[in-house]
Amino acid sequence: MEGPTPVSALIHAATMVTAGVFLVIRLSFLFEYSPVSLTVLMIFGSLTAFVSSTIGAFQNDIKKIIAYSTCSQLGYMVFSCGMSLYSLSLFHLFNHGFFKALLFLSAGSVIHGYGDNQDIRRMGGLIHFLPLTYLMILIGSMSLAAIPTLSGFYSKDLILEFSGSLFDTVASFAGIFGLLAAFFTVFYSYKLIYMTFLSVPNGYKKIFEMSHEPHFNMTFGLVVLFFFFYMFRLFI
């Protein structure tokens, strides 16, 4: 969160923070020998998804909101591993990598185009100045919130469906927290979009007058990532 936005996009989407989940998936044959370990993964995964989503709902820094959503989605992946659904966890990891990279790079576009400001309370009305960035954040947030027909829906909804179909007390307990986390995910995604792009402008007039869509060198990466994100959805 404190580093450059492209670095945040890299470490939150594909490398450092997801390495632990990938390690659990690779060592799945060991976890299957210990039902207690699977139960721990289910409980702590669902609690992580819930607690992180509640923290993200009360953040006002545009990057912190997206960063805490990463913690929440990691909870879903661990939760899925606890139900022995390792392939589904990997599927959600791939989905998360696409839309989280898109969200972080779009957030960087907002910060750059709005005078290096990150507080969404000082934004509003930026849809008129950054229409392409708005579209990118809208699509990424909709996938993060598991809106049907987008890739994030297919993985997150399956995780929640399986938690309710196992007829197990622990899985049902974890599924409830997973549903609550999904609700807060929708809440902070809407909050991010509304306060940044759709609400009444709440910043300095001089900053709004200088607001602009970033140069093609920045927006090209967003368009390419959106294209692959869309193509990935077609092959699901």
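The dialogue below goes through a predicted model and asks how its descriptions follow from computed values.

Student: What makes the protein count as being as compact as a globular protein of its length?

Tutor: The protein has 11 helices and 0 strands. Its radius of gyration is 18 Å, close to the 18 Å that the globule rule gives for 236 residues, so the protein is as compact as a globular protein of that length. Along the principal axes, its C-alpha atoms fill a box of roughly 60 × 30 × 30 Å.

Student: What share of the residues counts as buried, and what share of the contacts with a separation of 6 or more joins residues 24 or more positions apart?

Tutor: Of the 236 residues, 48% count as buried, and residues 24 or more positions apart account for 81% of the contacts with a separation of 6 or more.

Student: Why is T133 called buried?

Tutor: The relative accessible area of T133 is 0%, and buried means under 20%, so T133 is buried. T133 lies in helix α7, residues 131-144, and, leaving aside neighbours within four places in sequence, T133 is in contact with S106, S109, V110, F197, E213 and P214.

Student: Why does C81 count as buried?

Tutor: With a relative accessible area of 1% set against the limit of under 20%, C81 is therefore buried. C81 belongs to helix α5, residues 62-82, and, apart from neighbours within four places in sequence, C81 is in contact with V24, I25, L38, L41, Y86 and S89. The C-alpha atoms of C81 and V21, which are 60 residues apart along the chain, are separated by 8.4 Å.

Student: Why is N202 called partly exposed?

Tutor: N202 has a relative accessibility of 44%; buried would require under 20% and exposed over 50%, so with a value in between N202 counts as partly exposed. N202 is placed in the loop between α9 (169-198) and α10 (205-210).

Student: How do you know that the side chain of N202 makes a polar contact with R121?

Tutor: The side chain of N202 reaches the backbone oxygen of R121 at 2.8 Å, and the cut-off for a polar contact is a pair of N or O atoms within 3.5 Å, one able to donate a hydrogen and the other to accept it, so this pair counts as a polar contact. Not counting residues up to four places away in sequence, N202 touches R121, R122, M123 and F208, whereas the C-alpha atoms of N202 and F220, 18 residues apart along the chain, are separated by 29 Å.

Conventions:
Residues are numbered from 1 along each chain as its sequence is written. This is a predicted model: local features need pLDDT of at least 70, side-chain atom pairs count only at pLDDT 80 or more; totals for chains, interfaces and linings use all residues. Side-chain values use heavy atoms; hydrogens and water are left out. Helices (H or I, at least four residues) and strands (E, at least two) are DSSP runs, numbered from the N terminus. Buried means under 20% relative accessible area, exposed over 50%, partly exposed in between (1.4 Å probe, protein chains only). Contact means heavy atoms within 4.5 Å. The radius of gyration is taken over C-alpha atoms; the globule rule is 2.2 Å times the number of residues to the power 0.38.
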